[in-house]
Amino acid sequence: MTDGRSWLGNWKARLYERVRERGFDSLTAFAESRPAIPLDQLAEEPGKDDIAGVQVMNGLLFEGERRRQPTRVVRDLLVRELAGGLPKGWPAELDDANRFQVAKALSPWSGSTPEAYDELLLTLLPDEDV
């Protein structure tokens, strides 16, 4: 969690500069080298307290659109949200308490993904109620 400094100045340039300093030519390459790491943790590596997880998410969505790989990016973001929200993995039994935890883990992903991806989101969610 940042204290607001992440939005000061040109955060996009700062984010990409930090990623390049670590030897990656894109934010996607940086993220792919750290699979299933939640966005907030992924953001701390290149810029503790001045890069936010949502900025990383926005950059990944932008690059995914540019590379014509939106499905891959949305799936990657889903895995990152589930890894952060369900650190012990998917519950063996979906009782009321576990359903709440699953819904809590899925809500940031579905709520922060741009409307342009709504149809794609529906194809990625399980058929049964979560």
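**Exercise 1. Determine which residues valine 56 contacts, leaving aside its neighbours within four places in sequence.**

Solution. Contact here means heavy atoms within 4.5 Å. With neighbours within four places in sequence set aside, valine 56 is in contact with Leu15, Leu27, Leu39, Leu42, Ala43 and Ile51. The model is predicted, so local features need pLDDT of at least 70, side-chain atom pairs count only at pLDDT 80 or more, and totals for chains, interfaces and linings use all residues. Residues are numbered from 1 along each chain as its sequence is written, and side-chain values use heavy atoms, with hydrogens and water left out.

**Exercise 2. Place valine 56 in the largest nonpolar core and identify the elements that give two or more residues to this core.**

Solution. Begin with the terms. A nonpolar core is a set of buried Ala, Val, Leu, Ile, Met, Phe, Trp, Tyr and Cys residues joined through side-chain atoms within 4.5 Å. Buried means under 20% relative accessible area, exposed means over 50%, and partly exposed lies in between (1.4 Å probe, protein chains only). Helices (H or I, at least four residues) and strands (E, at least two) are DSSP runs, numbered from the N terminus.

Next, consider the members. The largest nonpolar core has 24 residues, of which Leu27, Leu39, Val56, Leu60 and Leu77 touch the most other members. Two or more residues come from each of helix H1 (11-21), helix H2 (27-32), helix H3 (39-47), helix H4 (53-66), H5 and H6. H5 gives the most, with five residues. As general background, nonpolar side chains tend to be buried together in soluble globular proteins.

**Exercise 3. Describe how H3 packs on H4.**

Solution. Axes are lines fitted to C-alpha atoms, for helices over the stretch in contact, and angles run from 0 to 180 degrees between N-to-C directions. Angles under 35 degrees count as roughly parallel, over 145 as roughly antiparallel, 65 to 115 as roughly perpendicular and the rest as oblique. H3 and H4 pack at an angle of about 95 degrees, with their axes 7 Å apart. The two helices are therefore roughly perpendicular to each other. Leu39, Asp40, Leu42 and Ala43 of H3 make the contact with Gly53, Val56, Met57 and Leu60 of H4.

For the classes, Ala, Val, Leu, Ile, Met, Phe, Trp, Tyr, Cys and Pro count as nonpolar, Asp, Glu, Lys and Arg as charged, and the others, Gly among them, as polar. The contact of H3 with H4 thus comprises six nonpolar residues, one polar and one charged.

**Exercise 4. Describe the packing of H4 with H5.**

Solution. The angle between H4 and H5 is about 155 degrees, and their axes lie 8 Å apart. That makes H4 roughly antiparallel to H5. H4 passes H5 in a right-handed crossing; a crossing is left-handed if the near helix is turned anticlockwise from the far one by less than a right angle, and right-handed if clockwise. On the H4 side the contact is made by Met57, Leu60, Leu61 and Gly64, and on the H5 side by Pro70, Val73, Val74, Asp76 and Leu77. By class, these residues are seven nonpolar, one polar and one charged.

**Exercise 5. Describe the packing of H5 with H6.**

Solution. Helix H5 (residues 70-85) and helix H6 (residues 96-112) pack at about 140 degrees, with their axes 9 Å apart. That makes H5 oblique to H6. The crossing of H5 past H6 is right-handed. Val74, Leu77, Leu78, Glu81, Leu82 and Gly85 in H5 meet Gln101, Ala105, Leu106, Pro108 and Trp109 in H6. Eight nonpolar, two polar and one charged residues form this contact.

**Exercise 6. Locate alanine 36 and arginine 68, and assess the phi and exposure of each.**

Solution. Most residues other than glycine have a negative phi. Alanine 36, in the loop between H2 and H3, has a positive phi of about 65 degrees. Its relative accessibility is 32%, so alanine 36 counts as partly exposed. Arginine 68, in the loop between H4 and H5, has a positive phi of about 60 degrees. Its relative accessibility is 75%, so arginine 68 counts as exposed.
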